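I opened this model to look up one strand and the core around it. These are my notes.

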Amino acid sequence: MSVLGGKKILLGVTAGIAAYKTSYLVRNFIKAGAEVKVVMTPAAKDFVTPLTLSTLSKNPVHSEFYSKSEENELWNNHVDLALWADLMVIAPVTANTMAKMSEGICDNLLLATYLSAKSTVYFAPAMDLDMYQHQTTAKNIKALTDRGDVFIPPAFGELASGLEGEGRMAEPEAILNFIENHLADQLPLRNKTVLLTAGPTYEAIDPVRFIGNHSSGKMGFALAREAASLGARVILISGPSHQSVNHSGVKRVDVMSADEMYAATHQHIEAAHIAIFCAAVSDFKPKIVSSQKIKKEVAQMHIELEPTKDILASVGAIKKDQFLVGFALETENEIDNAKEKMKRKNLDLIVLNSLNDKGAGFRSDNNKITMIDKNNVVKIGDLKSKPEVAADIFNEIMKSFEA
Ligand code: C5P
């Protein structure tokens with residue numbers, strides 16, 4: 001998924017010939033998973049029709065302060081539009097609109113919306129070579145960037161006038177990439193690698209049977225999605241799970257048993273800055289795995305078990321700078337046991353799931369956690385969805401990173 005996934009983009013279109021390219025831009029934004037609304041200057045409608053842009057954006061397009069119809073007049077509230085947006089993109093922006101933006105003139109809906117915008121505003125100029133090279137244009141671009149708006153440079157090439165030079169609006173694909181990279185650069189976990197273990201492990205008894213547990217992987221996958229959306233590279237080492245994650249930042253490594261999870265974890269732990277052990281690893285495995293399916297025609301069946309390796313403790317014993325997070329599931333003396341576990345396994349944070357909390361835990365879509373940090377500060381959370389809990393866990397981790 002793109003960093004634009006789920007983002008609300010307000011696209012402002014002004015009257016440049018490049019306005020026809022905004023139909024591709026709207027499609028690119030939608031394909032990236034964003035929601036798009038369009039505001040146009042009245043003159044922009046001569047270059048691309050509101051019908052095209054409203055069809056592609058699946059939202060009404062506005063260009064006037066009032067929408068006039070036979071029955072009624074509807075006030076298009078520019079403040080609401082501006083506040084709706086996670087980001088505003090003005091493309092193409094003409095020299096005229098840039099000058100007005102720079103001076104705070106708001107004689108149309110687009111400009112009034114710009115003045116009300118609280119989010120980042122990207123602007124992609126399009127004009128002829130001489131206009132682009134005029135010092136007024138340079139002054140206006142500087143005024144806008146000084147104010148925090150983000151300039152998407154025009155491209156070099158043939159211009160509508162027939163001249164060749166700088167001034168063409170950046171291509172829709174380039175605008176999309178520019179905004180994605182700009183947003184990705186601001187994410188708090190950019191350049192960080194997060195290793196996660198998730199799901200159950202299956203310990204083979206024979207070729208068809210295993211010892212497993214009820215872990216669904218939901219919490220671990222929610223953590224993977226959250227880490228990726230914060231900009232991290234994620235290595236998700238998962239036992240058998242029906243969960244999926246669709247994000248280019250997540251590399252999924254599928255394992256079956258505790259031994260395989262141990263090996264995969266040690267293969268990747270060097271690269272990790274943060275490691276979260278969310279997997280419900282089987283504590284025991286059959287000492288001998290039968291190569292043939294065990295027959296049922298026996299009076300009694302005994303399986304001799306031996307402990308699996310504690311993956312988290314083994315990482316705690318060799319960790320360098322990694323921020324290590326463990327999970328604990330306790331039924332009594334929860335906080336004390338969790339604190340003891342944090343020390344014994346050399347963790348930086350422990351997340352306690354309580355079996356005493358109704359509607360939380362295994363297979364549920366919700367969870368209720370208590371976080372305990374290295375200084376024994378205890379934070380008791382409310383019952384929340386697993387994605388919300390994942391966000392809380394990363395907020396806590398990032399606080400420790402900043403400290
Ligand atoms: O000791 P306990 O099983 O309660 O510890 C739970 C924590 O240790 C969890 O974070 C779990 O993922 C991790 N763990 C592990 N390897 C094991 C057992 C638990 O990584 N064999």
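The entries below go from the strand to its neighbours and then to the cores.

Entry 1, ground rules. I am reading a predicted model, in which local features need pLDDT of at least 70 and side-chain atom pairs count only at pLDDT 80 or more, while totals for chains, interfaces and linings use all residues. Residues are numbered from 1 along each chain as its sequence is written, and side-chain values use heavy atoms, with hydrogens and water left out.

Entry 2, strand E11. I looked up residues 193-198, a strand (a DSSP run marked E of at least two residues, numbered from the N terminus). Six of its six residues are buried (under 20% relative accessible area, 1.4 Å probe, protein chains only), so the rest of the structure largely encloses E11. In a regular strand the side chains alternate between the two faces of the sheet. I checked both faces of E11: Thr193, Leu195 and Thr197 are buried on one side, and Val194, Leu196 and Ala198 on the other.

Entry 3, partners. Strands pair if DSSP finds at least two bridges between them. E11 runs parallel to E14 (residues 233-238), with six bridges; there Thr197 has Ile237 as its bridge partner. E11 also runs parallel to E16 (residues 274-277), with four bridges, and Leu196 stands opposite Ile276.

Entry 4, cores. The largest nonpolar core (buried Ala, Val, Leu, Ile, Met, Phe, Trp, Tyr and Cys joined through side-chain atoms within 4.5 Å) has 33 residues. Ile276 is among those with the most contacts inside this core. Helix H9 (218-229; H or I, at least four residues) gives the most, with seven residues. Another core, of 32 residues, lies apart and includes Ile9 and Leu53.

Terms used. Buried < 20%, exposed > 50% of the residue type's maximum accessible area, 1.4 Å probe, protein only.
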